[in-house]
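Biologist: I would like a close look at one part of this model: the place where the two chains meet. Please take me through it step by step.

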2 protein chains.
Amino acid sequence: MNICAAQCNAQRELPPAQLVQQIIEAATEHADILGCGFRDLQTTHMAWVLSRLAFEVSRLPRVLEELRITTWIENFNRHFSQRNFEIVSGGEPIGYARTIWIAIDIDTRRPASIERFTDLAATACDDRPCPIAPPAKLRAVAEPGSAREYIFRVSDIDFNRHVNSARYVELMLNSLALETFDTHTVKRFDIDFKHEAHFADVAEVGSKVTEDDNGTLTMDCDITVAETLRTLSRTILTPRK
Amino acid sequence: MNICAAQCNAQRELPPAQLVQQIIEAATEHADILGCGFRDLQTTHMAWVLSRLAFEVSRLPRVLEELRITTWIENFNRHFSQRNFEIVSGGEPIGYARTIWIAIDIDTRRPASIERFTDLAATACDDRPCPIAPPAKLRAVAEPGSAREYIFRVSDIDFNRHVNSARYVELMLNSLALETFDTHTVKRFDIDFKHEAHFADVAEVGSKVTEDDNGTLTMDCDITVAETLRTLSRTILTPRK
């Protein structure tokens, strides 16, 4: 797709949450093509749920560039699939992403078997490199530097009647000031979806930022509802040149 | 574009705010093609600002449908342009939209002359029908049924460092419960952008809902920052069949 001014943030780049959204859309479209998309799984009361995601980029996609996301399945077993992505913007390879998806039973919300789709295992492509570390194992922010309340509303809710994955990314990055994104750029972002949140849930968004000698910022965030962790993330931001 | 599950709301439709976003994107892409896009105007310290928008649809675009938005300029003078849209989803014409855009001087934030782009007037197409009423003139919600506070954060800020147009739509529709969208569907939406809002502004979102004998809901909303009206809207929702 071509990145339009209307999609861009104050830094005239595609916002990280929108990059995550594009990654998720590439995955869902590819699953549709392979015959294991939401409509295929729905026939057996199943759905794909994103469990973890990480992306690492040399820079974010910029306004008016053409963004191309290529996806492939690295690995596939009864319960989950590992799907990787290459991100090319303006003709330049700018980074990679890794995701882990779990198939669940829509009624029980428990992991379901995707055995009936096992011929898909043949589509796995484990020799294509994805030179970034797997999604990190994250922990709750022990001593939050700040925590704020947020109530999930209509625009936060997705197709499965849960809070939208990209919306978590926005909420977490909203812990920083606009000026931080003028001076720094997101290099790597890891997110771990623990439990679903729903309409009208009252969330606490916790965050803790540390800075190293090179000016690199590391922000750990968590979102909690009713004292249960829902989502964790780590964002690495480096100073812009 | 093809409407992907990841873009859809709980009703498995494209959310009204995303339809507005797609309308704005169609307008900006068309302006780029005509040589009066953001980059062209920027060379003379000018920018397009959306002043008013209305859409009216028989239904919203649904998941997996292909959405096609056609745009044309109805009218064009020194200071503003009227741009219309036809919305086709899943091969079916589902509605129309009307927008009014003003060119402003980026430094003074005052209306600017787009005379140097006047050859564009030749592209106006005033004989193509757009069978919906112009964007309504709206008034502030006199006695708000509810008002809630919202602080604008990083993800709300656009390219011009103002609050994103689609974000206002979300905020306003967020005045309703998720269940209202299960029983009702947005038929018409009018929005009037009065004054810009910025990062860290503390907004008050006011709303008032009335219901007629047919179960049609009319919601008037306003967004105020520091006692100055920023945006007004009216949403008409009819019961689903």
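Modeller: A salt bridge here is a side-chain nitrogen of Lys or Arg within 4 Å of a carboxyl oxygen of Asp or Glu. By that rule, two salt bridges cross the interface of chain A and chain B. Keep in mind that this is a predicted model.

One of the bridges joins A:Arg161 to B:Asp182. Their closest N and O atoms lie 2.7 Å apart, and that is inside the 4 Å cut-off. Polar contacts add to the picture. Between chain A and chain B, 11 residue pairs are in polar contact, both partners having pLDDT 80 or more.

Which parts of chain A supply the side that touches chain B? Helix 1 (16–34), helix 2 (38–42), strand 5 (146–151), helix 3 (165–173) and helix 4 (178–183) each give at least two residues. Helix 1 of chain A gives the most, with six residues. Sorted by class, this side of chain A holds 19 nonpolar, 11 polar and 13 charged residues.

Now the extent. On chain A, 43 residues are in contact with chain B, where 42 residues are in contact with chain A. The size of an interface is often given as the accessible area lost when the parts come together. Here the two chains bury about 3,700 Å² between them. Of that area, 56% is on carbon and sulfur atoms. Three residues stand out: A:Arg12, A:Phe159 and A:Arg161 supply 18% of the area that chain A buries against chain B, more than any other three residues. A:Arg161 is also the chain A partner in the salt bridge to B:Asp182.

Next, the symmetry. Two copies of a chain are related by a rotation about an axis and a shift along it. In this model, a turn of 180 degrees and a shift of 0.0 Å along the axis lay chain A on chain B, with an RMSD of 0.0 Å. The two copies are therefore related as by a two-fold rotation axis. Do they meet through the same surface? That is best put as a number: 98% of the interface residues of chain A are also interface residues in chain B, so the copies meet through the same surface.

One last stop is within chain B. B:Ala203 sits in strand 7 (residues 202–211). B:Ala203 is buried, with a relative accessible area of 0%. Beyond its neighbours within four places in sequence, B:Ala203 is in contact with B:Arg148, B:Glu149, B:Tyr150, B:Phe152, B:Ile223, B:Thr224 and B:Val225.

Definitions and conventions. Residues numbered from 1 in each chain as written. Chains lettered and ligands numbered in written order. Predicted model: local features only at pLDDT ≥ 70, side-chain atom pairs only at ≥ 80, totals over all residues. Heavy atoms only, no water. Helix = DSSP H or I, 4+ residues; strand = E, 2+ residues; numbered from the N terminus. Buried < 20%, exposed > 50% of the residue type's maximum accessible area, 1.4 Å probe, protein only. Contact = heavy atoms within 4.5 Å. Least-squares fit on C-alpha atoms with pLDDT ≥ 70 in both. Buried area = accessible area lost by both parts, 1.4 Å probe. Polar contact = N/O pair within 3.5 Å; in protein donor to acceptor, adjacent residues only side chain to side chain. Nonpolar A, V, L, I, M, F, W, Y, C, P; charged D, E, K, R; others polar.
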